[in-house]
Amino acid sequence: HRALQQFLADVFWGDLDILLMDLPPGTGDIAISVAQLVPGAEILVVTTPQLAAAEVAERAGSIALQTHQQVVGVVENMSWLELPGGERMDVFGSGGGQAVAEGLTRTLGARVPLLGQVPLDPRLREGGDTGAPLVLSSPEAPAARELLAVAEKLAVRQRGLAGRSLGLTPA
């Protein structure tokens, strides 16, 4: 909690539209700390198609009931591997992201959409290692197109007024 508090307070962030925090899987203390330290934080649940991962992701998303946060959607990572012949191999199974979205919709009583399914692509990992994001180095790659589509869906969401200047001046 203290390290996160220091990270949020001591770093000059400038004028951010979004601060994306990649948290460890599960419902640990860090998720509670984020909810306490950033009350307007929303949850983006990331899972893989694998049943075990989907179950953990659904439990992590359901923490929104306790923390009074909104779950903005689910992203399924490592959805498939495109083989040289063009066919897809479901390395980790299929359907986990959709199952998480449907489960969270039932649990939270509000629609939780599946925002995207990102295929396996070694260039995605390589770009992360070198600091050259796939969406910039190979925007035509299926994984890059899917990540851009998820970003577009998140960017057009309406924002609340909490913490925003209304541009009003007293008369």
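Met89 is partly exposed in this predicted model, with a relative accessibility of 40%. The residue belongs to strand 3, which covers residues 88-89. Together with Val91 and Phe92, Met89 makes up a nonpolar patch on the surface, and the accessible area of these residues together is about 230 Å².

Strand 3 also brings us to a charge over a ring. Arg88 is placed over the face of Trp80, 3.6 Å from the centre of the ring.

Allow me to turn to the aromatic pairs. How many of them does the count give? The count gives 1 aromatic pair. Phe7 and Trp13 form an edge-to-face pair, because their planes stand at 75°, and planes over 60 degrees apart fall in that class. The centres of the two rings are 5.2 Å apart. As a general remark, two quantities describe such a pair, namely the distance of the centres and the angle of the planes. Is Phe7 buried or partly exposed? Phe7 is partly exposed, at a relative accessible area of 40%. Trp13 is likewise partly exposed, and its relative accessibility is 29%.

I continue with Phe12, which is found in the loop between helix 1 and helix 2. Phe12 has a relative accessible area of 77% and is therefore exposed. For a sense of distance across the model, consider Phe12 and Gly116: 104 residues separate them in sequence, and their C-alpha atoms are 31 Å apart in space.

Helix 2 comes next. This helix spans residues 29-37, and its buried residues include Ala31, Ser33, Val34 and Ala35. Against which elements do the buried residues of helix 2 pack? They pack against helix 1, residues 2-10, and against helix 4, residues 64-67.

Following the chain, we reach Thr48, in the loop that connects strand 1 (43-47) to helix 3 (51-61). Thr48 has 12% relative accessibility; the limit for a buried residue is under 20%, so Thr48 counts as buried. Which residues does Thr48 touch, once residues up to four places away in sequence are set aside? The contacts are with Ala53, Ala54, Glu76, Asn77, Met78, Gly96 and Gly97.

Met78, one of those contacts of Thr48, deserves a comment on its backbone. Its phi is near 55°, a positive value in a residue that is not glycine. In general, most residues other than glycine have a negative phi. Met78 is located in strand 2 and is partly exposed, at 27% relative accessibility.

A positive phi also occurs at His68, where the value is near 60° and the residue is again not glycine. Where does His68 lie? His68 is in the loop between helix 4 and strand 2, the latter running over 71-82. At 70% relative accessibility, His68 counts as exposed. In terms of accessibility class, then, the two residues with positive phi discussed here are described as follows: His68 is exposed, whereas Met78 is partly exposed.

My final topic is the salt bridges. How many does a search of the whole structure find? The search finds 3 salt bridges. One of them joins the side chains of Arg123 and Asp121, with an N to O distance of 2.8 Å. Here Arg123 is partly exposed, at 34% relative accessibility, while Asp121 is buried, at 14%.

Another salt bridge links the side chains of Glu126 and Arg125, at 3.8 Å from N to O. That distance is within the 4 Å limit, so the pair counts as a salt bridge. Glu126 is partly exposed, and its relative accessible area is 37%.

Arg125 also forms a salt bridge with Asp129, in which the closest N and O atoms are 2.7 Å apart. How are Arg125 and Asp129 placed along helix 6? They are 4 residues apart in that helix, residues 122-130, and so about one helical turn separates them. Through salt bridges with shared partners, Arg125, Glu126 and Asp129 are joined into one network. Asp129 itself is exposed, with a relative accessibility of 58%.

How values were computed:
Residues numbered from 1 in each chain as written. Predicted model: local features only at pLDDT ≥ 70, side-chain atom pairs only at ≥ 80, totals over all residues. Heavy atoms only, no water. Phe/Tyr/Trp six-rings, centres within 6.5 Å; stacked < 30°, edge-to-face > 60°. Buried < 20%, exposed > 50% of the residue type's maximum accessible area, 1.4 Å probe, protein only. Lys NZ or Arg CZ within 6 Å of the ring centre and 35° of its normal. Patch = residues over 30% accessible without salt bridge, like charges linked within 9 Å, V, L, I, M, F, W, Y side chains within 5 Å. Areas by Shrake-Rupley, 256 points an atom, 1.4 Å probe, with all protein chains shown as cover. Helix = DSSP H or I, 4+ residues; strand = E, 2+ residues; numbered from the N terminus. Contact = heavy atoms within 4.5 Å.
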